[in-house]
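Got the viewer open? Keep the selection box handy and let's walk through this chain stop by stop.

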Amino acid sequence: MTVGIRDVARAAGVSTATVSRALGRGPVSDAVREQVEAAVRATGYRPNLSARRLRSKAAQTIGLIVADIRNPFFTAVSRAVEDAAYAAGMRVILCNTDEDPAREAMYLRLMEEERVTGVIFAPTKVTADGLTEDSLSFPTVFIDRSGLPGAHDSVVLDNASAAATLVDHLVAQGFSRIGGLFGSTSSTARERQAGYAAAMTRHDLTPLARSVAPNATAAEAEAARWLSQSDRPEALILSNGLMLMGAVRAARTLALRVPGDLALAGFDNEPWTDLVEPGLTVIEQPVAEIGAQAMRLLFERIESPDQPVRKVTLSGRAVLRGSTRRG
């Protein structure tokens with residue numbers, strides 16, 4: 001049976017992060033380092049030397065674990081991460097989880113087996129809520145997702161504010177029965193739903209929110225059911241670009257005119273959103289900056305593992321088009 005870093009941590013009575021620092025000649029006391037080295041000898045563990053290789057500027061590997069590579073948002077973020085890694089002489093291992101906690105666990109094990117220098121990760125809420133600061137043996141930065149407070153560095157959008165911006169715009173256009181269709185697996189979708197609900201309440205309107213798997217197929221099916229009802233919403237906000245695509249398909253199948261019969265708004269300013277008549281109103285995310293900031297935080301975490309956990313919150317930009325224009 002292979003001995004892992006968690007076995008060493010258990011034998012030494014310290015965290016996995018402390019074991020990594022001790023074996024990488026990081027900032028720990030002599031007593032703790034001796035304690036860890038004794039546990040290594042006792043367990044027969046073969047230490048991970050990646051931290052020493054990083055300091056010697058040798059080429060290293062970054063793990064990038066994304067939720068859905070079909071989502072253009074993650075495609076763009078992946079490009080930004082790869083560009084920064086290439087510039088630093090590092091390789092990238094890209095893994096796609098399809099928002100599946102079991103696949104996330106498998107890829108996290110792979111990252112440990114590959115002894116990566118660090119990981120950039122977009123976890124489901126289920127996985128994020130179970131990852132404490134000592135759960136992983138490598139530096140980790142979350143992108144597009146929030147985890148436990150103070151556990152891991154992260155780069156996120158101000159999701160609540162962005163969703164509220166869409167509600168405010170629709171209300172200003174004269175819409176009042178505004179529905180929201182949100183993904184069911186991530187902290188991002190929950191934050192957007194919370195921002196939507198708060199803005200609706202602020203306008204003395206009743207929130208009409210539903211949740212589905214965050215992909216085009218699930219969103220199309222749910223939107224078709226919802227929009228077929230007599231009390232259907234007159235405007236619909238979708239929490240990501242794939243779901244927005246699904247809603248467009250549902251409206252087309254039901255022969256609903258946009259925005260005459262249904263206003264549509266969502267997230268991610270992909271090229272297709274400007275090609276679909278009359279153009280779709282979206283929140284544009286700073287995807288290149290998200291990827292670059294994540295790499296910056298990861299590099300700084302590798303060099304200074306004991307610095308305070310940081311959360312970078314970026315703002316989106318509302319791109320207003322014909323899909324929400326009334327009259």
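Colour by secondary structure to begin: the protein chain has 13 helices and 12 strands. Bear in mind that this is a predicted model. Zoom out and orient along the principal axes, and the C-alpha atoms fill a box of roughly 75 × 35 × 35 Å. Of the 327 residues, 50% count as buried. Among contacts between residues at least 6 apart in sequence, 69% join residues at least 24 apart.

**Stop 1: the domains**

Now colour by domain. The assignment gives domain 1 as 5-47, domain 2 as 61-156 + 287-315, and domain 3 as 159-285 + 318-324. Put a distance line between the C-alpha centres of domain 1 and domain 3, and you should read 50 Å.

**Stop 2: a helix pair in domain 1**

Select residues 16-23 (helix H2) and 30-43 (helix H3). How do their axes cross? They come within 9 Å of each other, at roughly 95°, which makes H2 roughly perpendicular to H3. Show side chains for the contact: Thr-18, Val-19, Arg-21, Ala-22 and Leu-23 on the H2 side, with Val-32, Arg-33, Val-36 and Val-40 on the H3 side. Sorted by type, the residues of this contact come out as 6 nonpolar, 1 polar and 2 charged.

**Stop 3: the parallel sheet**

Next, pick out strands S2-S1-S3-S4-S5-S11, in that order: these 6 strands form an open sheet with parallel pairing. The edges are S2 (91-96) and S11 (311-314), each pairing on one side only. Neighbouring strands are turned by 15° against each other on average, direction ignored.

Click on Ile-62 in the viewer and look to both sides. In S2, its bridge partner is Val-92; in S3, its partner is Gly-118. S1 (61-66) and S3 pair in the parallel sense over 4 bridges, while S1 and S2 are parallel over 6 bridges.

Stay with S3 and show residues 118-121. Which way do they point? Gly-118 and Ile-120 point one way, Val-119 and Phe-121 the other, and all are buried. In a regular strand, side chains alternate between the two faces of the sheet. Moving on to S4 (140-143), you'll find it parallel to S3, with 3 bridges joining the two. Ile-120 stands opposite Val-141 there.

While you're around S2, select Glu-99, in the loop between S2 and helix H6 (101-114). Its phi is near 60°, a positive value in a residue other than glycine. Is Glu-99 buried or exposed? Its relative accessibility is 14%, so Glu-99 counts as buried.

**Stop 4: the mixed sheet**

Switch to S7-S6-S8-S9-S10-S12. These 6 strands also form an open sheet, in that order, but the pairing is mixed. Its edge strands are S7 (208-212) and S12 (317-319), each pairing on one side only. The twist averages 20° from one strand to the next.

Zoom in on S6 (178-183) and S7, which pair in the parallel sense over 5 bridges. Gly-180 stands opposite Ala-209 in S7.

Then add two helices. H10 (216-227) lies across S6, S7 and S8 (235-238), running at about 145° to S7. H11 (241-253) lies across S6, S7, S8, S9 (263-267) and S10 (281-284), and runs at about 160° to S9.

**Stop 5: backbone oddities**

Follow the chain out of H11 into the loop before S9, where Pro-259 lies. A cis peptide bond joins Val-258 and Pro-259, with omega about 10°. For another cis bond, select Glu-277 and Pro-278, where omega is near 5°. Pro-278 lies in the loop between helix H12 (271-275) and S10.

Between S9 and H12, pick Asp-268 in the loop. Asp-268 has a positive phi of about 85° although it is not a glycine. At 3% relative accessibility, Asp-268 counts as buried.

**Last stop: Tyr-86**

Finish with Tyr-86, which sits in helix H5 (72-87). How accessible is Tyr-86? Its relative accessibility is 64%, so Tyr-86 counts as exposed. Draw one last line, C-alpha to C-alpha, from Tyr-86 to Arg-257: they are 171 residues apart in sequence and 46 Å apart in space.

How values were computed: Residues are numbered from 1 along each chain as its sequence is written. This is a predicted model: local features need pLDDT of at least 70, side-chain atom pairs count only at pLDDT 80 or more; totals for chains, interfaces and linings use all residues. Side-chain values use heavy atoms; hydrogens and water are left out. Axes are lines fitted to C-alpha atoms, for helices over the stretch in contact, and angles run from 0 to 180 degrees between N-to-C directions. Angles under 35 degrees count as roughly parallel, over 145 as roughly antiparallel, 65 to 115 as roughly perpendicular and the rest as oblique. Contact means heavy atoms within 4.5 Å. Ala, Val, Leu, Ile, Met, Phe, Trp, Tyr, Cys and Pro count as nonpolar, Asp, Glu, Lys and Arg as charged, and the others, Gly among them, as polar. Domain bounds come from an automatic or database domain assignment. Two strands pair if DSSP finds at least two bridges between them. Buried means under 20% relative accessible area, exposed over 50%, partly exposed in between (1.4 Å probe, protein chains only).
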